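Colleague: Before we discuss this chain, could you put the model up, so that we can go through its surface, its pairs of charges and its overall build in turn?

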Amino acid sequence: MGKGGSLSDGVIKKILLSYTYVAIWIFLSFTVIVYNKYILDKKMYNWPFPISLTMIHMSFCASLAFLLIKVFKVVEPVSMSRDLYLSSVVPIGALYSLSLWLSNSAYIYLSVSFIQMLKALMPVAVYSIGVLFKKEGYKNDTMVNMLSISFGVAIAAYGEAKFDTWGVILQLGAVAFEATRLVMIQILLTSKGITLNPITSLYYVAPCCFVFLLVPWVFVEYPVLKETSSFHFDFVIFGTNSICAFALNLAVFLLVGKTSALTMNVAGVVKDWLLIAFSWSVIKDTVTPINLFGYGLAFLGVAYYNHSKLQALKAKEAQKKTAQADEEGGRLLEEREGEGSGKSSESQD
């Protein structure tokens, strides 16, 4: 009874922890998205400078990561050669800076709800780029699933009350760059056996992002900011916003590290529905029935894709366990045969 009870307590504790990680990630992701929208939207805080906002985030995250690694030594730095940094981290940093720049820019033109609907295309982009780079195998049924997601998003876009072509281009560009970044991480870092937690990844990637963003900032936003003499830097707004962005990176690590990337995908769907409801009820964005119908179709496609991924993962784990069991059985058989041959030679002596 004691053993059964302790096992039950352990399982309950694990489930509660998993739900806690999911809840923290959803809350922080939700907060960062709404906060960024509040800062960038012309009808709210009215500071439409997405490159500047992203640079503030990157400089804050890089500084905090530097302090945690070099000064307080909370995390051990990963050994990184100059060649590896230039060949792997720099391209990933470039893609990340473009993804953040375009996604933040989209909040100026599109509603929070519609952006979440467009983000449903992320599995489509990741799979397509994975096939292009030969990291994913092409399958007809998976491609049909990807087309169903795309069809659903297209219906949602058709039903959007405040459709803005430039905003849609920006968000689709952000999805494409983010998907490429995820595939490149797998190719450039994971294949070389390098794993970065959020603090070490920010330590290496954030300064790189800042430098890449500096070039367009000088030509696009700096001249406008220079002329805006009335602007003063609000440390409370931008400080808390940057803290939320840093905390979100830590939450991603906790969620994926303690559960799985698949759990994050499922949690992401829950977060999207919450944001759509919040956008409609609090921000008063218009959400049409065609919007919801199209996103509903896309949601079913994403749910099926996550289910397929889970089944494939289970099959892979079962195959690995079978292979380990066969290997162990073969080793035991060899040991027994060795013992038998040893005894026979002793009897001959």
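**Surface, charges and build**

Modeller: In this predicted model, F66, L67, V71, F72 and V74 together make a nonpolar surface patch of about 490 Å².

Colleague: In which helix is F66 found, and is F66 buried, partly exposed or exposed?

Modeller: Buried would require a relative accessible area under 20%, and exposed one over 50%. F66 has a relative accessible area of 42%, which places this member of the patch between those limits, as partly exposed. As for its location, F66 belongs to the element spanning residues 50-71, which is helix α2.

Colleague: Which residues does S97 touch, leaving aside those up to four places away in sequence?

Modeller: S97 lies in helix α3, which covers residues 82-109. Its relative accessibility is 4%, and because buried means under 20%, S97 counts as buried. With residues up to four places away in sequence left out, the residues that S97 touches are C209, F212 and L213.

Colleague: Turning to the charges, how many salt bridges does the count come to?

Modeller: Side chains of opposite charge can pair when their charged atoms come close. The rule applied here asks for a side-chain nitrogen of Lys or Arg within 4 Å of a carboxyl oxygen of Asp or Glu. By this rule the count comes to five salt bridges.

Colleague: Are K37 and D41 buried or exposed, and how far apart are their closest N and O atoms?

Modeller: Both K37 and D41 are buried, so each has under 20% relative accessible area. The two residues form a salt bridge, in which the distance between the closest N and O atoms is 2.7 Å.

Colleague: How many residues apart in sequence are the parts that K309 and E136 tie together?

Modeller: The side chains of K309 and E136 meet in a salt bridge, with 3.3 Å from N to O. K309 lies in helix α12 (residues 289-348), whereas E136 lies in the loop between α5 (122-132) and α6 (140-158), so the pair ties together parts of the chain that are distant in sequence by 173 residues. Both ends are partly exposed, K309 at 33% relative accessibility and E136 at 28%. The separation asked for is 173 residues.

Colleague: By about how much of a helix are K320 and E317 separated?

Modeller: The side chains of K320 and E317 also meet in a salt bridge, at 4.0 Å from N to O. K320 counts as partly exposed at 44% relative accessibility, and E317 likewise counts as partly exposed at 38%. Since the two residues are three residues apart in helix α12, their separation is about one helical turn.

Colleague: For the build of the whole chain, how many helices and strands are there, and what box do the C-alpha atoms fill?

Modeller: The protein chain has twelve helices and zero strands, so that from the N terminus on every element in the order is an α. Of the contacts with a separation of 6 or more, 84% are accounted for by residues 24 or more positions apart. Taken along the principal axes, the box that the C-alpha atoms fill is roughly 100 × 50 × 50 Å.

Colleague: What share of the 349 residues is buried?

Modeller: The accessible surface of the protein chain comes to about 19600 Å², with 66% of it belonging to carbon and sulfur atoms. Counting as buried those residues with under 20% relative accessible area, the share of the 349 residues is 41%.

Technical notes:
Residues numbered from 1 in each chain as written. Predicted model: local features only at pLDDT ≥ 70, side-chain atom pairs only at ≥ 80, totals over all residues. Heavy atoms only, no water. Helix = DSSP H or I, 4+ residues; strand = E, 2+ residues; numbered from the N terminus. Buried < 20%, exposed > 50% of the residue type's maximum accessible area, 1.4 Å probe, protein only. Contact = heavy atoms within 4.5 Å. Areas by Shrake-Rupley, 256 points an atom, 1.4 Å probe, with all protein chains shown as cover. Patch = residues over 30% accessible without salt bridge, like charges linked within 9 Å, V, L, I, M, F, W, Y side chains within 5 Å.
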